[in-house]
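Here is a friendly walk through one protein chain. Please have a look at the fold before reading on.

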Amino acid sequence: MREKGLRLSVTLLTVIPWRGAADDAAPGSGSAPSRAAAAAAMAWAPAVGLLLGAVASGVLLLADHPLGAGALTASVLAIGSLALLTRGLHLDGLADLADGLASGKPAPAALDIMRRSDIGALGAVTLVLTLLLQVAALSQAESAGHGRGPAALIAAAVTARLAITWACRRGVPAARPDGLGALVAGSVRPAVAVAASAVTLAAAAAAVAIWPAVAGGALGWTLPLAVAAGLAVAFVVQRHAVRRLGGITGDVLGALAEIAMTVTLVIAAMGPPA
């Protein structure tokens with residue numbers, strides 16, 4: 001089940017193909033994965049974030065240093081690579097959630113708005129501001145040197161998917177009887193989310209401690225705080241979405257990932273220059 005969960009997590013959250021993913025469907029359920037496989041996939045989401053963050057960090061480093069594109073252009077390319085690797089689904093979810101919540105309508109009408117393929121004015125503004133914040137924060141971290149840009153980007157990508165794991169914990173309902181939200185809502189044991197969070201925070205703190213010896217400069221004390229802040233803000237938004245919509249949907253999960261990533265990048269970019 002662990003391998004199936006990881007395989008399904010990669011194929012659900014990225015464009016990366018993995019042979020055998022279709023075999024993870026529940027018997028007689030068509031193309032729908034089994035509940036157990038979906039739960040494992042959401043538990044593996046932070047690991048997929050680590051993979052995405054590593055790839056995007058490679059783009060950032062390659063564009064900024066050997067190619068000399070500069071921190072700003074390199075940051076745009078790195079954030080763009082994440083959008084490409086995820087099919088832009090998280091960004092689409094963010095825009096849909098913004099339109100749905102801002103409509104002020106009851107849950108059924110708000111969910112109908114979120115289902116539409118078009119994007120409203122507030123959804124568009126939310127997308128633009130979010131991407132600007134992500135690029136600006138990553139550029140600031142990259143300009144500080146000593147590997148702070150890649151470290152912030154990896155931490156943000158992991159935190160983004162960790163927010164998805166938390167949103168799928170037991171006790172969180174689905175807003176609809178169908179769709180991704182219905183499949184994964186309430187599927188993750190809280191202990192799994194707690195353990196993944198503890199490992200992520202410990203890794204961030206360890207990176208801060210050993211970074212001077214590895215990279216020759218301080219990483220910045222804000223990195224563990226950035227992870228905690230990203231999860232906290234995503235948790236608040238998730239609670240609000242559940243109150244307004246009655247539960248989570250695939251759009252809500254995508255929006256939480258983008259919110260957690262943005263907050264993590266902004267906080268990680270703060271602090272004195274390295």
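The notes below go from the overall fold to the surface and then to two loop residues.

## Fold and dimensions

This is a predicted model. The secondary structure of its chain amounts to twelve helices and zero strands, so in the order of elements from the N terminus you will meet α-α-α-α-α-α-α-α-α-α-α-α.

The chain has a radius of gyration of 18 Å, which agrees with the value near 19 Å that a compact globule of 274 residues would have. Along the principal axes, its C-alpha atoms fill a box of roughly 55 × 40 × 30 Å. If you take the contacts between residues at least 6 apart in sequence, 74% of them join residues at least 24 apart.

## Surface and charge

Of the 274 residues, 50% count as buried. The chain exposes about 11,800 Å², and carbon and sulfur atoms supply 69% of that area.

As for charge, the chain carries 18 positive and 13 negative charges, and the mean positions of these two sets lie 10 Å apart.

## Two loop residues with positive phi

Most residues other than glycine have a negative phi. Two residues here are worth a look in that light. Arg87 has a positive phi, near 65°, and sits in the loop between α4 (71–85) and α5 (89–102). With a relative accessible area of 44%, Arg87 is partly exposed.

His146 also has a positive phi, near 60°. Its place is the loop that links α7 (121–143) and α8 (148–167). His146 has a relative accessible area of 35%, so it counts as partly exposed.

Note on methods
Residues numbered from 1 in each chain as written. Predicted model: local features only at pLDDT ≥ 70, side-chain atom pairs only at ≥ 80, totals over all residues. Heavy atoms only, no water. Helix = DSSP H or I, 4+ residues; strand = E, 2+ residues; numbered from the N terminus. Buried < 20%, exposed > 50% of the residue type's maximum accessible area, 1.4 Å probe, protein only. Rg over C-alpha atoms; globule rule 2.2 N^0.38 Å. Contact = heavy atoms within 4.5 Å. Areas by Shrake-Rupley, 256 points an atom, 1.4 Å probe, with all protein chains shown as cover. Lys, Arg positive; Asp, Glu negative; His and termini not counted. Charge placed at Lys NZ, Arg CZ, Asp CG, Glu CD.
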